Amino acid sequence: MERRAAHAMLFPFPCSGHINPTLKLAELLHSRGVYVTFVNTEHNHERLLLTTGGLRLRGRDGFRFEAVPDGLSEEDRRSPDRTFRLYQSLKRSCGAPLVALARRLGEREDDGVPVPPVTCVVLSGLVSFALDAAEELAVPAFVLWGTSACGFVCTLRLRQLRERGYAPLKDESYLTNGYLDTPIDWIAGIPPVRLGDVSSFVRTLDPQCFALRVEEDEANSCARARGLILNTFEDLEPDVLDALRAEFPQVYTIGPLAAAMHAAAHDGGDNPGAAAGLSLWEEDAACVAWLDAQAPGSVMYISFGSLAVMSPEQLAELAWGLAATGRPFLWAVRPGLVAGDRGADALPEEFLEATRGRCFIAEWCAQEQVLRHPAVGGFLTHSGWNSTTESIWCGVPMVCWPGFADQYINAKYTCGEWGVGLRLDEALRREQVAAHVEEMMGDADRAREMRRSAARWKAAAEAATAPGGSSFQSLGRLVEELRLGAD
Ligand code: UDP
């Protein structure tokens with residue numbers, strides 16, 4: 001019997017931290033023969049048209065882009081609360097358009113050849129309503145949960161933390177009175193951690209625990225999916241993956257996705273990567289030319305991803321800490337990084353003057369290219385999971401300043417379990433910034449040990465994603481499962 005083509009419709013939560021890994025997964029599936037439809041929101045589709053000139057959004061044989069409305073008003077988009085409003089709006093209004101789109105796709109043709117019907121839905125975290133869409137379409141759903149396995153397990157356990165009374169906090173004083181240091185030693189697969197490191201969502205005073213419930217519900221709803229896909233690899237988080245499989249039998253560890261893409265490109269796959277470089281912000285190519293002129297391992301790269309917002313005071317502490325080191329640094333200051341919808345314009349003029357010649361400020365960089373550059377010796381990061389895995393793959397040690405969601409547990413593992421990081425206190429101080437950057441970039445024993453660990457993890461990431469490695473095989477099993485769904 002001839003097998004039907006598997007056709008995966010992928011829909012990520014519309015922000016870079018979700019779009020980037022989902023695009024990579026889409027490319028990897030396509031390179032293994034799966035027909036792919038990647039669904040953006042119309043708003044992001046327009047932005048991508050601007051940053052890419054539209055060419056790559058035309059798609060290619062067996063890889064198409066589509067868009068659905070996100071339902072946000074212009075006022076919602078400008079609100080400091082926009083991410084949460086986006087979450088609510090999608091949940092309210094996006095399910096029906098997704099179902100309609102999937103049905104329409106099955107009636108279309110590509111150059112006279114019928115498009116195969118959608119045979120599965122792949123969603124990222126925070127869009128669990130797409131599970132209902134998959135049910136309505138009577139096709140299996142898979143969730144690419146974009147955090148570490150430890151981040152996912154901690155998010156699952158938010159429910160127990162709430163039920164056992166750890167959250168919400170009784171009052172504001174609990175944020176600073178040491179309560180967040182309460183040891184939590186009962187999460188299977190996770191070593192003893194501070195309550196504050198389990199997740200940012202325990203830091204709530206809201207008696208309804210609204211945001212916390214959203215997170216725990218989203219994570220727990222993954223149990224409805226046919227499989228859970230994680231951007232990690234077996235050797236990186238063995239204990240927590242073991243524990244997770246007791247609850248979720250179908251876990252596919254296919255990361256680091258950046259490494260998997262790189263390996264596939266060299267394995268003669270069908271041009272994986274054509275879409276994965278899509279970016280919602282325009283990348284500053286000049287920063288790479290600037291890196292070319294710097295000594296190997298000399299540059300500290302600083303970026304806090306696509307969502308983090310810091311106060312002007314925190315920005316100044318960081319800036320003056322970097323200035324005090326006398327070392328070169330490349331800093332991605334995206335518009336909106338600073339409260340009040342500000343960006344690089346919020347940097348003190350005297351700081352720019354003091355660091356002229358050894359500092360490059362970009363709005364947005366091609367981060368993987370930057371991390372792979374031989375001049376980069378350290379990464380000051382918010383410990384977002386994509387950034388962390390990209391840094392692990394590139395063998396770059398990290399100075400961690402986590403602030404949201406799973407970033408605390410990622411930083412805990414980065415500095416503790418994996419030995420490739422130094423952590424900054426939550427209250428950013430210029431002296432500590434300077435001391436950590438110096439320690440990481442210098443030549444003391446600890447720095448050398450971190451660099452050795454980083455090199456070991458880089459080799460492990462490459463081995464996992466190379467043909468025959470654990471992530472490579474896991475991707476193969478996932479593709480097989482998608483094909484079974486199509487038969
Ligand atoms: N990124 C980038 N250029 C930048 C800053 C970030 O390409 O200047 C990318 C980075 O490579 C990563 C993503 O944006 O893939 C950020 O994801 P992460 O999970 O680290 O953080 P989030 O944005 O979700 O907080």
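User: Before I start counting, what counts as a helix or a strand here?

Analyst: Helices are DSSP runs of H or I with at least four residues, and strands are runs of E with at least two. This is a predicted model, by the way. Counted like that, the protein has 21 helices and 17 strands. Its radius of gyration is 22 Å, close to the 23 Å that the globule rule gives for 487 residues, so the protein is as compact as a globular protein of that length.

User: And what box do the C-alpha atoms fill?

Analyst: Along the principal axes, the box is roughly 65 × 55 × 50 Å.

User: Let's try helix packing. How do α7 and α10 sit, roughly parallel or roughly perpendicular?

Analyst: Look at the angle between the axes. Anything from 65 to 115 degrees counts as roughly perpendicular. Helix α7 (residues 149–156) and helix α10 (residues 210–220) cross at roughly 115 degrees, and their axes come within 8 Å. That's why α7 and α10 are described as roughly perpendicular to each other. The crossing of α7 past α10 is left-handed. On the α7 side the contact uses Phe152, Thr155 and Leu156, while α10 brings Glu215, Glu216, Ala219 and Asn220. Sorted by class, that contact holds 3 nonpolar, 2 polar and 2 charged residues.

User: Which residues make the contact of α7 with α18, and at what angle do the two helices cross?

Analyst: Start with the angle again. The axes of α7 and helix α18 (residues 407–417) come within 9 Å and cross at roughly 135 degrees. These two helices are therefore oblique to each other. Here α7 passes α18 in a right-handed crossing. Cys150, Gly151 and Cys154 of α7 meet Ile409, Asn410 and Tyr413 of α18. The classes are 4 nonpolar, 2 polar and no charged residues.

User: Which hand does the crossing of α12 past α20 have, left or right?

Analyst: Right-handed. Helix α12 (residues 257–266) packs against helix α20 (residues 445–465) at about 55 degrees, with the axes 9 Å apart. So α12 and α20 are oblique to each other. Their contact is made by Ala259, Ala260 and Ala263 from α12, plus Ala461, Glu462 and Thr465 from α20. Class by class, that's 4 nonpolar, 1 polar and 1 charged residues.

User: Now the ligand. How many residues surround it, and which are the closest?

Analyst: With a ligand, list the shell, then ask which elements supply it. The ligand is surrounded by 19 residues, and the closest are Gly17, Gly305, Gln367, Gly384 and Ser387. At least two residues of the shell come from each of α1 (16–31), α16 (367–372) and α17 (385–394). The biggest share is from α17, with 4 residues. By class, the shell has 6 nonpolar, 11 polar and 2 charged residues.

User: Last topic: the backbone. Where are the cis peptide bonds before Pro168 and Pro256?

Analyst: For this one, check omega and then find the place in the chain. Ala167 and Pro168 are joined by a cis peptide bond with omega about 5 degrees. Pro168 lies in the loop between α8 (158–163) and β8 (183–184). From Gly255 to Pro256 the bond is also cis, with omega near -10 degrees. You'll find Pro256 in the loop between β11 (251–253) and α12.

User: What is the phi of Leu126?

Analyst: About 70 degrees, a positive phi, although Leu126 is not a glycine. Leu126 is in the loop between β6 (120–124) and α6 (129–137).

How values were computed:
Residues are numbered from 1 along each chain as its sequence is written. This is a predicted model: local features need pLDDT of at least 70, side-chain atom pairs count only at pLDDT 80 or more; totals for chains, interfaces and linings use all residues. Axes are lines fitted to C-alpha atoms, for helices over the stretch in contact, and angles run from 0 to 180 degrees between N-to-C directions. Angles under 35 degrees count as roughly parallel, over 145 as roughly antiparallel, 65 to 115 as roughly perpendicular and the rest as oblique. A crossing is left-handed if the near helix is turned anticlockwise from the far one by less than a right angle, and right-handed if clockwise. Two residues are in contact if their C-beta atoms, placed from the backbone, lie within 7 Å. Ala, Val, Leu, Ile, Met, Phe, Trp, Tyr, Cys and Pro count as nonpolar, Asp, Glu, Lys and Arg as charged, and the others, Gly among them, as polar. A residue is near a molecule or strand if its C-beta atom, placed from the backbone, lies within 6 Å of it. The radius of gyration is taken over C-alpha atoms; the globule rule is 2.2 Å times the number of residues to the power 0.38.
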